[in-house]
Amino acid sequence: MSKVSANNIQIEYDTFWNPSSPPLLLIIGLGGHLIFWEEGFCRKLAEAGLYVIRFDNRDAGLSTKMDQMGTPDLMDVIGKLLAGEKVTPPYTIEDMAADAVGLLDGLGIEKAHICGMSMGGMIAQALAIGYPRRVLSLTSIYSTTGNPALPRPKPEVMGLLLSPLPKGREPAIEFNLNIFRAITGPRPGLDEKWASKLMEVAYDRNFCPQGEARQLVAIMTQADRRAGLRGLKMPTLVIHGDADPLVPMEAGKDTAEAVPGARLKIIEGMGHDLPHGEIWDQIANDIIAHTLS
């Protein structure tokens, strides 16, 4: 793994295989590390003929932490938003899109296929809107347009995300496992052994709950991107599970309806799952067909 200076921060990234192949930038979601794009998933994409790039967003993994911006009071932010008051986030989804473009600049990549999941899909959408000449294609996985009229996450899932994080390595790992148990769909369900190991590696790699809180405020205050999405001209694939309790399926449909010519794939039984197992093998195939056809 390596670092590049981009947009006044340091971004940790990793690549797979031939830089002369068409580049595919993978953007992870809330609090995620680049390792959440499972290595086997990345290798499958690379073996098909893509130059795969995964990276840590700001405030996560081994990229720069924005601690100078303070730790937000999430309940205060929610209260102000519900009251219709303006909230200024530490940074925006668009700032994170600029980070991703800076990474491409640092790697000398003029254009890339862009794929994001969850918050990463929001960043990917913002990148496509703000920097359309840098985007060969867009893939948005269980993400949203920012449309405020869309259904909200299930209350029990949102409650978990907003719960105080317990102190200590083992309690924190179990806390995060409980979140993934709650958001993973019934098909095929959570691989507990795999997920537990992933959470352990992520905790030991870097533990930054205050960074995740800042990212969450960026999500809560995101713009409605539908008008910008309507102007996109690149090939777009939208993937969503019909059992997603965090970003309901209607958000995927809304994304596909906003982007002219977008293809929508709804996966039965998939929740807000990580790239692992049979469903994600099929998603890899879908990305390959979308980017290399």
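**Exercise 1. Determine which residues of strand S4 lie on each face, and whether these faces are covered or open.**

Solution. Begin with the two faces of S4: Tyr51, Ile53 and Phe55 lie on one side, Val52 and Arg54 on the other, and all are buried. Strands here are DSSP runs of E with at least two residues, and helices are runs of H or I with at least four, numbered from the N terminus. Buried means under 20% relative accessible area, exposed over 50%, and partly exposed in between, with a 1.4 Å probe and protein chains only. The general rule is that side chains in a regular strand alternate between the two faces of the sheet. Since five of the five residues of S4 (residues 51-55) are buried, the strand is largely enclosed by the rest of the structure.

The model is predicted: local features need pLDDT of at least 70, side-chain atom pairs count only at pLDDT 80 or more, and totals for chains, interfaces and linings use all residues. Residues are numbered from 1 along each chain as its sequence is written, and side-chain values use heavy atoms, with hydrogens and water left out.

**Exercise 2. Identify the strands that S2 and S3 pair with, and the sense of each pairing.**

Solution. Two strands pair if DSSP finds at least two bridges between them. First, S2 pairs with S4 in the antiparallel sense over four bridges; here threonine 15 stands opposite isoleucine 53. Next, strand S3 (residues 23-27) runs parallel to S4, joined by four bridges, and leucine 24 has valine 52 as its bridge partner. Finally, S3, helix H1 (residues 39-47) and S4 form a right-handed β-α-β unit. Right-handed means that, with the strands pointing away from the viewer, the path from the first strand over the helix to the second runs clockwise.

**Exercise 3. Locate asparagine 8 and serine 118, and state whether each is buried or exposed.**

Solution. Most residues other than glycine have a negative phi, and most peptide bonds are trans. Asparagine 8 has a positive phi, near 70°, and lies in the loop between strand S1 (2-6) and strand S2 (9-16). Because its relative accessibility is 81%, asparagine 8 counts as exposed. Serine 118 also has a positive phi, near 60°, and lies in the loop between strand S5 (112-117) and helix H4 (119-130). Its relative accessibility is 11%, so serine 118 counts as buried.

**Exercise 4. Find which peptide bond is cis at proline 188.**

Solution. The bond from arginine 187 to proline 188 is cis, with omega near 0°. Proline 188 lies in the loop between helix H6 (169-183) and helix H7 (192-205).
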